[in-house]
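Please open the model in your viewer and keep the sequence panel beside it, since each stop on this tour begins with a selection. Cartoon display will serve for the strands and helices, and side chains can be switched on when a stop calls for them.

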Amino acid sequence: MPVLAQPATGAQVTVLTASRIDTMDAAVPRAQAMAYDAEGRILALGSAEEMLQRYPRAKRLDVGGATVIPGLIDAHGHMLGLGMAHLTANLVGTSSKQEIVQRLQAFAATLPSDAWLIGRGWDQNDWAEKQFPTAADLDAAFPDRPVWLSRIDGHAGWANSAAMRAIERDLSGASATEGWQPDGGRIVRDDKGQATGVFVDEAMGLVYAVVPEPTGETLERALKLAMDDAVAHGLTGVHDAGVSLGELRIMQRLADDGEMPMRITAMADGNGKALEWLCQEGLYQHPSHRLQMRSVKLYIDGALGSRGAAMLEDYSDDHGNKGLLVMTPAQLREAVSKAQRCGVQVATHAIGDRGNHEVLEAYAAALGANATASDHRWRIEHAQILSPADLPRLAKMHVIASMQPTHATSDMPWAEDRVGPQRINGAYAWRKLRDSGARLALGSDFPVESVDPRLGLYAAATRTDAEGMPAGGWHPEDKLTAWEALRGFTLDAAYAGFAEAEVGSLAPGKRADFVVLAEDPLAIAPEGLADLTVRATYVDGKPVFEAK
């Protein structure tokens with residue numbers, strides 16, 4: 001029997017028919033038809049015959065042999081970063097410093113002569129020498145124009161000499177180990193103590209302080225470009241991991257004007273103005289239900305690729321280095337306690353095993369016995385490397401693991417070199433976490449990785465690169481099934497944003513957010529998940545993307 005809800009009086013009903021609807025709803029896992037009203041609320045699911053008989057005057061939307069799935073939700077992305085990638089030099093996929101200079105020269109030709117040259121996406125792990133670059137690598141091509149290039153993970157930056165001259169601070173030191181270092185960051189130095197041009201984590205603030213701020217018009221354009229990108233790849237929602245109060249105001253204007261084609265769950269950026277606003281005004285929900293802010297994004301450490309992730313023991317390939325804490329444990333506990341008092345969900349970036357340990361300790365101190373009794377839904381963003389003692393604590397404390405499958409397949413060529421053969425068993429441990437009882441909310445961390453959620457589904461189910469290597473998958477014991485991966489990008493991501501009553505599955509009373517695919521992700525080999533064909537994306541029952 002179909003599951004039914006009553007439409008509003010006089011409401012126009014649409015009946016969608018498809019070869020298959022994978023609902024992600026336990027009550028009706030599969031259907032062939034779905035009815036929804038003019039407001040985009042789902043009324044019923046069942047067979048095509050049942051729905052057409054019940055709603056004989058309904059508007060028809062027949063997608064033929066296609067499969068319909070719930071709208072995909074990326075539980076951790078960066079909308080402005082994605083949009084700004086269209087407006088700055090794109091260095092993703094470069095395999096040498098020479099290739100980077102060539103891309104920069106082409107991009108610089110489009111800029112005013114006095115403009116900073118900004119780019120993102122370099123990764124020294126993709127170069128033959130595997131070493132951090134220096135300002136000298138950029139100076140010959142750009143002796144006078146300031147250049148600032150963010151690493152692929154956003155946790156390190158590369159400046160030329162002109163950019164470093166703009167910093168109003170003496171960066172020299174007596175030796176590589178004696179020069180001044182900012183709290184929570186590192187200025188990479190040569191043997192003579194001179195800054196080489198690479199700034200890690202909090203040290204990047206020295207450069208950002210002198211980089212010209214983008215205008216509000218530029219930020220709005222970037223957000224629109226990012227949303228267009230997202231819906232074209234089947235995303236109907238994104239949890240935006242770190243949004244300032246000023247950025248939220250731009251999003252609010254777009255939502256007011258009906259120019260937000262998707263749902264954004266914005267996280268307040270750190271223990272600052274946005275969190276203070278939430279504490280004063282309460283959790284925020286736009287009337288359109290396209291925008292909300294009810295959580296805060298904190299950082300405890302850096303990234304593995306730049307050896308800034310905080311580790312309990314030395315890096316296996318860099319003895320004497322245990323990474324960085326960008327907040328002290330005391331600062332983290334203070335911010336967590338503040339968020340708890342304000343009823344704000346906490347989501348903390350943690351990569352290294354020490355970083356994850358400090359976050360769990362801070363959460364345990366704040367939540368106490370309420371860790372299992374309250375509906376806090378606190379999260380660890382990335383939960384990338386967990387010690388054997390800490391891995392089971394997430395489930396016991398009802399902490400959500402917000403993880404990004406493509407991080408594993410991007411990092412696998414060098415990750416074990418960083419942490420060694422023992423610690424790698426607690427890295428990217430999706431299966432171990434899920435089997436322990438922890439809930440997995442999946443995402444991409446775009447623009448660190450691609451915005452395309454199909455790549456995340458593929459990585460989660462195969463643990464291989466685009467060429468299917470290594471055969472059988474990298475640490476295949478931590479693979480997910482296609483269904484588990486899809487749940488991570490739908491129902492569990494919705495749960496992590498307190499939105500599972502609205503989205504994440506297709507069920508009566510929920511919003512008609514869905515994706516039309518040429519293939520059925522639950523009926524093909526996992527190797528085909530990366531090549532799913534997105535025919536259309538719908539939000540509130542209306543198309544926001546249609547393939548040409």
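The tour below goes through a predicted model, taking strands, helices and charged side chains in turn.

**The hairpin and its neighbour**

Begin by selecting strand E3, residues 30-36, where five of the seven residues are buried. On one side, strand E2 (residues 14-22) pairs with E3 in the antiparallel sense over six bridges, and if you show isoleucine 21 you will find alanine 31 of E3 as its bridge partner. Next add strand E4, residues 42-46, which pairs with E3 through four bridges, again in the antiparallel sense; here methionine 34 stands opposite leucine 45 of E4. Five residues lie between the strands of the E3 and E4 hairpin, and glycine 40 there takes a positive phi near 85 degrees.

**From E2 to a distant loop**

Keep E2 on screen and show the side chains of arginine 20 and aspartate 520, which form a salt bridge whose closest N and O atoms are 3.0 Å apart. Arginine 20 belongs to strand E2, while aspartate 520 sits in the loop between strand E22 (514-517) and strand E23 (534-539), so the pair ties together parts that are 500 residues apart in sequence. Arginine 20 is partly exposed, at 23% relative accessibility, whereas aspartate 520, with a relative accessible area of 10%, is buried.

**The open sheet**

Now select the six strands of the open sheet, which run in the order E8-E9-E10-E11-E13-E12 with mixed pairing. Strand E8 (89-90) and strand E12 (185-189) are at the edges, and because each has a single partner strand, one side of each is left without a neighbour in the sheet. Add helix H3, residues 97-108, which packs on the sheet and touches E8, strand E9 (117-122), E10 and E11, its direction making about 145 degrees with that of E9. Within the sheet, strand E10 (residues 147-151) and strand E11 (residues 156-159) pair in the antiparallel sense over three bridges, and tryptophan 148 has alanine 159 of E11 as its bridge partner.

**Helix H8 and its surroundings**

Move to helix H8, residues 245-256, which reaches 16 Å from its first C-alpha to its last. Its buried residues are Leu248, Ile250, Met251, Gln252, Leu254 and Ala255, and to see what covers them, display among others helix H7 (216-232), strand E14 (235-243), strand E15 (263-269) and helix H9 (273-281). After H8 comes glycine 258, with a positive phi near 70 degrees.

With H9 still displayed, show glutamate 276 and lysine 338, a salt bridge in which the closest N and O atoms are 2.7 Å apart. Lysine 338 lies in helix H10 (residues 329-341) and glutamate 276 in helix H9, so this pair ties together parts that are 62 residues apart in sequence.

**Buried charges**

Which side chain of opposite charge is nearest to aspartate 353? Select aspartate 353, in helix H11 (residues 353-367), and look for arginine 423, which is 4.6 Å away; aspartate 353 is buried yet has no salt bridge. Its contacts beyond four places in sequence include Met311, Leu312, Ile385 and Asp390.

Finish at aspartate 390, which forms a salt bridge with arginine 393, the closest N and O atoms being 3.0 Å apart; both arginine 393 and aspartate 390 are buried.

Methods:
Residues numbered from 1 in each chain as written. Predicted model: local features only at pLDDT ≥ 70, side-chain atom pairs only at ≥ 80, totals over all residues. Heavy atoms only, no water. Buried < 20%, exposed > 50% of the residue type's maximum accessible area, 1.4 Å probe, protein only. Helix = DSSP H or I, 4+ residues; strand = E, 2+ residues; numbered from the N terminus. Pairing = 2+ DSSP bridges. Lys, Arg positive; Asp, Glu negative; His and termini not counted. Salt bridge = Lys/Arg side-chain N within 4 Å of Asp/Glu carboxyl O. Contact = heavy atoms within 4.5 Å. Axes fitted to C-alpha atoms, helices over the stretch in contact; angles between N-to-C directions. Expected span 1.5 Å × (residues − 1).
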